[in-house]
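Me: I'm new to this one, and I'd like to go through it slowly with you. Could you put it up so that we can talk it over?

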Amino acid sequence: MEENLSTKPKTKGIVYLFAILGGFAGLLYGYDSGAISLALPSITMAFGLDSVQKGLVVSFLLFGALPSIVVFTALEKKIERRNVLIVAGVVFLAGSLLSAIATGTVFLMMARFVLGIAAGIANMYGLIYLSELAPAHIRGLMSSLYQLSVNVGILVAYAVGAYNLPQDDWRWTLGLGVVPALILTIGMVMSPQSPRWLIRDGKVERARKVLTKVRFTSTEVESEIKDIQNSLKTKEAGLSELFGTFRPALTLLIILTIFQVFTGINAAVYYAPEIFHNLGMANSSIVADFGVGIALVVSTFVSLPFIDKLGRKKLLEISLGGQVLPAIALCIWSDNVIIAVISIFLYVFMFGFGLGPVFWSYVPEILPLKARALGMGVITFTQYLLNAIFSLIFPICLSIVGINIFYFFAFLSAFSVWYIHKYVLETKGRSLEEIEAYWESRKKE
């Protein structure tokens, strides 16, 4: 027993520091996503927004991410991951300031678009950066910490929004995004470059120095350098190979993206006050948002020890299966305030326990190194596009079918459990190179 414990992989503490600094990319996305929720009632009064305009103000952050994902995917070979995150921090700064001084609906939409540009960069490259810096035995944990930071950002935004709501100080709510933006920018300047990118760029000695900082032994360092060099011997994948050789992996990820978006989490994150207002609940905005925010943070935090123990697949099954009953209960007992609040809390909690953190750790893991950045771009673009469409049309759907929309979320959650059990590949404990070898072997079958 003592021998097994001595051979257990060890992790340097500095790895977690870099994870926290990189996690501010996620925190910013979470803050700017959550801030609009409690700012929206005041903005609606200030600018006289209708249902369509509300959807546009919310969704323009997501639409703004689309061009940035395309551009920075094309520039992936020219700009190192850490440097891209520095750019994201600066753009977050600009978008937060523009949001705070917006003078009308169109101005605010454009400011949200700028924030979306930064969010697209941060969500794509923040995850790639963390997955390439992390040792294999805690890679799932590191990526989950990123999702936790997104949820912490949402909760912080709700707290700021709740404080400013009585005074209608929505400008402060949106503008305070400059604080985490500054931390991200400075933190990334202080962080190391991606060792995988450095080796691909021929800077092996610099990569060795980085790996020496974040790996426990020299044996680990040299073994990882060799693995990366071996995986880079093959030609970088293009779109034809991504949609050809690696189409099974890409198809799997696109289907998981559909599940993540259309099982309804953004209905709770962006529109919880609208949902509870329609149910006739007093103080709906603050109660609903804090319930959602707390559920996201607590559930993601609770899931951290399990993602590398139970594995990605099991957590996805538990998470999506657990969303079914709360969604149905919300529809059946929507006239009961206590049951409605508990149901939305449990629904969001189950999302945050599995689907939230697992999805964004699974995407860079499942894609081979030579197709990772391109594939991550395609999936991130797809996810933002679907999220934007969902956020744009949900207020209209809510006005037509009301809370019964959660019946659809329950059905899709149940169907997704079956799909995941049958088709999803478990990546727990496998190195990125082993996962790549799996897809190469699939190609030969």
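**A first walk through the model**

Me: Let's start with one residue: leaving aside its neighbours within four places in sequence, what is Ser194 in contact with?

Reply: Once the neighbours within four places in sequence are set aside, Ser194 is in contact with Glu80, Arg81, Tyr129 and Glu132. Ser194 itself has its place in the loop between helix H8 (178–190) and H9.

Me: Is Ser194 buried or exposed, and why?

Reply: Ser194 counts as buried because its relative accessibility is 0%, and the cut-off for buried is under 20%.

Me: Before we go on, what pLDDT does the chain average?

Reply: This is a predicted model, and the chain averages a pLDDT of 84, with 92% of the residues scoring at least 70. Over residues 1–6, however, the pLDDT is below 50, and that stretch has 0 contacts in the model beyond near neighbours in sequence. Where pLDDT is low, the predicted coordinates should not be read in detail.

Me: OK, on to charges. How many salt bridges does the structure hold?

Reply: The structure holds 7 salt bridges. One of them joins the side chains of Arg196 and Glu224, at 3.7 Å from N to O. Arg196 lies in helix H9 (residues 195–200) and Glu224 in helix H11 (residues 218–231), so this pair ties together parts that are 28 residues apart in sequence.

Me: And are Arg196 and Glu224 buried or exposed?

Reply: Both Arg196 and Glu224 are buried. For Glu224 the relative accessible area is 12%, which is why Glu224 is classed as buried.

Me: Which other side chain does Glu224 meet in a salt bridge?

Reply: The side chain of Glu224 also meets that of Arg215 in a salt bridge, at 2.7 Å from N to O. Arg215 counts as buried because its relative accessibility is 3%. Salt bridges that share partners thus join Arg196, Arg215 and Glu224 into one network.

Me: What about Glu222, which side chain does that one meet?

Reply: The side chain of Glu222 meets that of Arg208 in a salt bridge, at 2.8 Å from N to O. This pair links distant parts of the chain, with Glu222 in helix H11 and Arg208 in helix H10 (residues 204–214), 14 residues apart. Glu222 counts as partly exposed because its relative accessibility is 40%, and Arg208 is partly exposed as well, with a relative accessible area of 22%.

Me: Staying with helix H11, what is Ile228 in contact with once its neighbours within four places in sequence are left aside?

Reply: Ile228, which is found in helix H11, is then in contact with Arg196, Ile199, Leu369 and Glu433. At 0% relative accessibility, Ile228 counts as buried. The C-alpha atoms of Ile228 and Pro195 are separated by 9.1 Å, although these residues are 33 residues apart along the chain.

Me: New topic: which residues touch the most other members of the largest nonpolar core?

Reply: That core has 146 residues, and Phe92, Val348, Phe394 and Phe406 touch the most other members. Helix H2 (residues 13–47) gives the largest share of this core, 16 residues. Leaving aside the neighbours within four places in sequence, Phe92 has contacts that include Ala25, Leu28, Leu115 and Leu184.

Me: And which helix is Ala388 in?

Reply: Ala388 is found in helix H18 (residues 369–401), and at 0% relative accessibility Ala388 counts as buried. The C-alpha atoms of Ala388 and Val58, which are 330 residues apart along the chain, are separated by 8.3 Å. Beyond the neighbours within four places in sequence, Ala388 is in contact with Ser59, Leu62 and Phe63.

Me: What about the surface, which residues form the nonpolar patch there?

Reply: The patch is formed by Ile294, Val298, Val302, Phe306, Leu310, Ile318, Ile338, Ile342, Phe345 and Leu346, with about 780 Å² of accessible area together. Helix H15 (284–307) and helix H17 (337–366) each supply at least two residues of this patch. Val298, for example, lies in helix H15 and counts as partly exposed at 37% relative accessibility.

Me: One last thing: what is the phi of Asp168?

Reply: Asp168 has a positive phi of about 55°, although it is not a glycine. Most residues other than glycine have a negative phi. Asp168 is found in the loop between helix H6 (139–164) and helix H7 (170–175), and it is partly exposed, with a relative accessible area of 37%.

How values were computed: Residues numbered from 1 in each chain as written. Predicted model: local features only at pLDDT ≥ 70, side-chain atom pairs only at ≥ 80, totals over all residues. Heavy atoms only, no water. pLDDT = per-residue confidence, 0-100. Contact = heavy atoms within 4.5 Å. Patch = residues over 30% accessible without salt bridge, like charges linked within 9 Å, V, L, I, M, F, W, Y side chains within 5 Å. Areas by Shrake-Rupley, 256 points an atom, 1.4 Å probe, with all protein chains shown as cover. Salt bridge = Lys/Arg side-chain N within 4 Å of Asp/Glu carboxyl O. Helix = DSSP H or I, 4+ residues; strand = E, 2+ residues; numbered from the N terminus. Buried < 20%, exposed > 50% of the residue type's maximum accessible area, 1.4 Å probe, protein only. Core = buried A, V, L, I, M, F, W, Y, C linked by side-chain atoms within 4.5 Å.
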